[in-house]
Amino acid sequence: MSVSKSLIHRLERICGSQSVLSDPDELLVYESDAYPLVRALPGGVVFPLSTEATSQVLKALQDHEVAFVPRGSGTSLAGGCLTGSDAVMVCTSKMKRILEVDLDNECAIVEAGVITQEISDAVAEYGYFYAPDPASQSTCTIGGNVATDAGGPHTLKYGVTGHHVFGLTVVLPCGEVLPLGGRTQTTHGYDLTSVFIGSEGTLGLVTEVTVKLTRPPAAYRTVLAVYDRMDDAGNTVRDIIAAGIVPAALEMMDQAIVQILEDAYAYGFPRDAEAVLVIELDGIEAGLDRQLDRILTICRENRVRSIDDAASAEQRAALWKARKTAFGALGRAAPTCITQDGVVPRSELPHILRFVRQVADKHDLRVASNFHAGDGNIHPNFLFDQRDPRQVEAVQRASHEILAECVRVGGSVTGEHGIGVEKTEALKLMFNDADLAAQRQVKHVFDPTGRANPDKIFA
Ligand SMILES: Cc1cc2nc3c(=O)[nH]c(=O)nc-3n(C[C@H](O)[C@H](O)[C@H](O)COP(=O)(O)OP(=O)(O)OC[C@H]3O[C@@H](n4cnc5c(N)ncnc54)[C@H](O)[C@@H]3O)c2cc1C
């Protein structure tokens, strides 16, 4: 079934013909996101310019009994914005206005299509920033971040997107506009803002977000700790947290990713190291050096090979650029890359890192890892060629085995990328039938006709 011409014409009347795509050549751009294994051509793509236009669009889709899939920038690593030919993609990328900066309440109201980094850029002149920093922050949208409850390297100290959202404007699948939350973190009654955070577009479409603004820290200490053994790096992470220190970020890269980064960008990482930790402390100047000394002692107790200081702002920026551009480098290393996303209790890090290697060896797969070690959030990147069905099957089996092990040791099947289409089966590792039925009932309340991002989260 395809989307009717009369619906396309109605969408054009609402948004203008330049904001509706239905030509198959133009739709090709929207057939996939950053999850490479599934492609699907949408029946149409529409770009509303406001909450009011979004409401009219969703009413039109309801009248035509057509499903819709919200999309921000399409950087989903879980196939969250794949759309079939019988559904319309509703893309927020033209809703890019910063509507208000409210310094008295330390918040800003922004449209859903604003690029995450642009929030910090817009408030920097007032001495603030928006703290959540997914590695995709220069590309992804705040609406997509809300829908996936995105994290990032600095989640360890600052928390995920949900911790920085005071309120939302959402449009329900029937077209009704729902203002949720306010300008503070306080909630009264059911916390519906939190229900929408992480719901991956399956309850409705977020059009505006009230985000909390944060004062930047006065000082940083950033070091690169180099290890000959992965186990020692994993034990360092465990011991830093056990010592009661909460770094701003505690990231790990394995040898494979370091070599791929060096091949691509020649940043100067040691190619022969089995693991590298990026450790960052931030806060007021007083006390930072004492915490750093304690961390360096822990690194030495765990046989660190060397510690490099990123003392200047330029060195720090270069180090984070290296970490955050890893995905681009992976694109040069193999025709296809899938980034897995599981969580383990931090004490299980050394175990799960060994497990990932064993599973990759067993399935004869290339794997490279860069991940939020401090959160126990692992990201094994499988490098393969999706034109070879044997390799695709091996990656899917390996992914499932790793996620099952994460759950077995007390973790979860996703840390930040969401369920999308990729993990509908894996979700059953975490929830029983009663849990899943309760979650479906929540969806039914907001989306009784099941037209909001169908086939995501629930298989
Ligand atoms: C290089 C790279 C690095 C990444 N690093 C991180 C990281 O560090 N941390 C992290 O958490 N993720 C990371 N991701 C994953 C991805 O960037 C995040 O999931 C991000 O939040 C998606 O934003 P987006 O605008 O691209 O959303 P999309 O990919 O367009 O959509 C993602 C999901 O949200 C839904 N959605 C989008 N907009 C809305 C809306 N306005 N209302 C309702 N639902 C909506 C979609 O239907 C879909 O289910 C990375 C991805 C890449 C490619």
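**Helix α8**

I started with what packs over helix α8: the cover on its buried residues includes β10 (219-227), β11 (249-254), β12 (275-283), α10 (288-301) and α13 (349-362). Note to self: this is a predicted model.

I then listed the buried residues of α8 and got M230, D232, A233, G234, T236, V237, R238, I240 and I241.

Does the length of α8 agree or disagree with what 13 residues should span? I took 1.5 Å a residue for residues 230-242, which should give 18 Å, and the end C-alpha atoms sit 19 Å apart, so the two agree.

Just past the helix I looked at G244, which follows α8 and has a positive phi, near 85°.

**Strand β18**

Next I went to β18 (residues 380-384), and found it mostly covered, with five of its five residues buried. I checked which way they point: P380, F382 and F384 go one way, N381 and L383 go the other, and all are buried. That pattern is no surprise, because side chains in a regular strand alternate between the two faces of the sheet.

Which strands pair with β18? I found β14 (residues 336-339) running antiparallel to β18, joined by four bridges. In that pairing, I338 has F382 as its bridge partner. I also found β16 (residues 366-371), again antiparallel to β18 and over four bridges. There, S369 is partnered with P380.

**Around the ligand**

I pulled the shell around the ligand and got 37 residues, of which G72, G80, G143, G144 and G201 come nearest. The elements giving two or more residues to this shell are β3 (67-71), α5 (142-148) and β9 (205-212). Helix α5 has the largest share, with five residues.

I sorted the shell by class and counted 14 nonpolar, 18 polar and five charged residues. I also asked which domains feed it, and domain 1 (5-91) and domain 2 (98-212) each give at least three residues.

**Domains**

I wrote down the division of the protein: domain 1 (5-91), domain 2 (98-212), domain 3 (217-313) and domain 4 (335-423).

For domain 1 and domain 2, I got 22 Å between centres, taken over C-alpha atoms. How many residues are in contact across this pair? I have 14 from domain 1 against 21 from domain 2. On the domain 1 side, α3 (51-63) and β3 each supply at least two residues, and the largest share, seven residues, comes from α3. By class, that side of domain 1 has four nonpolar, nine polar and one charged residues.

Terms used: Residues numbered from 1 in each chain as written. Predicted model: local features only at pLDDT ≥ 70, side-chain atom pairs only at ≥ 80, totals over all residues. Buried ≥ 20, exposed ≤ 12 C-beta atoms within 10 Å, placed from the backbone. Pairing = 2+ DSSP bridges. Near = placed C-beta within 6 Å. Nonpolar A, V, L, I, M, F, W, Y, C, P; charged D, E, K, R; others polar. Domains from an automatic or database assignment. Expected span 1.5 Å × (residues − 1). Contact = placed C-beta atoms within 7 Å.
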